Amino acid sequence: MPAGVCHSDVTALDDPGWMPLFPHLPRTMGHENAGVITEVGEGMGQWNVGDRVGLAPVMGDGDALGYGKWDGGFGPRLLATSDNLVRLPDEVPFELGAMATDAGLTSNHAIMAVGGAKDGMKVGVIGLGYVGARVAVLAGAEVYGAEVNPETQKPADEIGLAGVADSIEAFKDKNLDLIVDYAGFGTTTSAAIETLAEFGTLVQVGMNRLESTINTHRSSSTQLSIKGSKSGTKQDLEGIYELMKSGQLNPPMNLITQAGIPGAIDQLRAGGVVGRFIALYE
């Protein structure tokens, strides 16, 4: 069972503001998971031993895998419910299936379902995650990326970006209709407000900082909309799996062992990592 290592894992460990998400300790973390069903409980007759599945990290009421009352995938086995399970197509490898459950699902939900990215729209992406930018490009949007890590900027052509820079403010002249902030460093949120076109929309996803100071005069005078987005739905995950199955979505990954998880967290904490860390169990 592969498990993705997310920057949220770093923030959860380092920021006391995240502790309310852990009402029951100790807790095994790991909220990006895929694998094979080994046992079927009562009321789960639609599933069979041997089924390939991804686990959508359902949020709310303490149900998030690796946070509230459920252990996550940094252990070799976990408990899932019908609220979590999504069938993983045979054509999609388990490691891709795992990373799609958060890096894919959350990104897709924010930019497509909440942000409404579509053909002809001008879109900015802060914190250049491959999936969030790529799905908007595939939808026909003109996408600009903001990313401070030069290594993460390199796949810009592969993703199909119209431009990439260190800050989203480099694209003030592009009249962006939508900006999705996957980074959430406070300053990135403020920069999005300064950059959006009139009647534009900011979708806030990243929570690397839990507060931001923004220009309220500009947000009011240009009649901006500010929306939050957290996780997503099983339908979002199914959509990502279809794109992966078609070969149109193949984000970079770094495969590690379970023993490599602490080191991966340290590398994420230091910054500069390109691609998702995916821990594989022997």
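A residue is called buried here when its relative accessible area is under 20%. With that cut-off in hand, helix 8 (residues 234-246) of this predicted model makes a good starting point. The buried residues of helix 8 are Asp236, Leu237, Ile240, Tyr241 and Met244. They span an arc of only 140° around the axis, and therefore lie on the same side of helix 8. Their cover includes strand 3 (52-55), strand 4 (85-87), helix 2 and helix 3. Helix 8 itself contains 13 residues, and the distance from its first C-alpha to its last is 19 Å, close to the 18 Å expected at 1.5 Å a residue. Just past the end of helix 8 comes Gly247, with a positive phi of about 85°.

Met244 deserves a second look. Apart from neighbours within four places in sequence, Met244 contacts Val92, Leu96, Met99, Ala100, Leu249 and Pro251. Met244 is also listed, together with Ile111, Val123, Val125, Val143, Leu178 and Val180, among the residues with the most contacts inside the largest nonpolar core, a set of 39 residues. Two or more residues of this core come from each of helix 2, strand 5, helix 3 (130-138), helix 5 (156-159), strand 8 and helix 8. Helix 2 provides the largest share, eight residues. A second core, separate from this one, has 17 residues, including Val10, Phe22, Ile265 and Phe277. In soluble globular proteins, nonpolar side chains tend to be buried together.

Attention now turns to the sheets. One of them is open and built from six strands in the order 7-6-5-8-9-10, with parallel pairing. Its edges are formed by strand 7 (163-165) and strand 10 (225-228), each of which pairs on one side only. From one strand to the next, the twist averages 15°. Helix 2 (residues 94-114) packs on this sheet, where it touches strand 5, strand 8, strand 9 (201-204) and strand 10, and its direction makes about 160° with that of strand 8.

Within this parallel sheet, strand 5 (residues 122-126) can be followed to both sides. Strand 5 is joined to strand 8 (residues 178-181) by four bridges, the two strands running parallel. Five bridges connect strand 5 with strand 6, again in a parallel arrangement. Ile126 illustrates both pairings: its bridge partner in strand 8 is Asp181, while in strand 6 it stands opposite Ala146. Strand 6 (residues 142-146) is mostly covered, with four of its five residues buried.

The other six-stranded open sheet has the order 4-3-2-1-12-11 and mixed pairing. Here the edge strands are strand 4 and strand 11 (253-257), each pairing on one side only. The average twist in this sheet is 30° from one strand to the next. Three bridges hold strand 3 and strand 4 together in antiparallel fashion, and Val53 has Arg87 as its bridge partner in strand 4. Helix 2 appears again in this setting: it lies across strand 1, strand 2, strand 3, strand 11 and strand 12 (276-280), running at about 145° to strand 2. Helix 2 thus has contacts with strands of the parallel sheet and with strands of the mixed one.

Helix 1 (7-14) offers another example of a covered element. Asp9, Val10, Thr11 and Ala12 are buried in helix 1, and what covers the buried residues there includes strand 1 (3-5) and helix 9 (261-270). Val10 is one of the members of the second core, as are Ile265 and Phe277.

Two loop residues complete the description. His24 is located in the loop between helix 1 and strand 2 (32-36). With a relative accessibility of 44%, His24 counts as partly exposed, because that class lies between the limits of under 20% for buried and over 50% for exposed. Not counting residues up to four places away in sequence, His24 touches Gly68 and Lys69. The C-alpha atoms of His24 and Lys69 are 6.4 Å apart, although 45 residues separate the two in sequence. Thr38, in turn, belongs to the loop between strand 2 and strand 3. Its contacts, with residues up to four places away in sequence left out, are Val49 and Arg77. Thr38 and Gly50 are twelve residues apart along the chain, with 6.3 Å between their C-alpha atoms.

Methods. Residues numbered from 1 in each chain as written. Predicted model: local features only at pLDDT ≥ 70, side-chain atom pairs only at ≥ 80, totals over all residues. Heavy atoms only, no water. Pairing = 2+ DSSP bridges. Axes fitted to C-alpha atoms, helices over the stretch in contact; angles between N-to-C directions. Contact = heavy atoms within 4.5 Å. Core = buried A, V, L, I, M, F, W, Y, C linked by side-chain atoms within 4.5 Å. Buried < 20%, exposed > 50% of the residue type's maximum accessible area, 1.4 Å probe, protein only. Expected span 1.5 Å × (residues − 1). Arc of directions from axis to C-beta.
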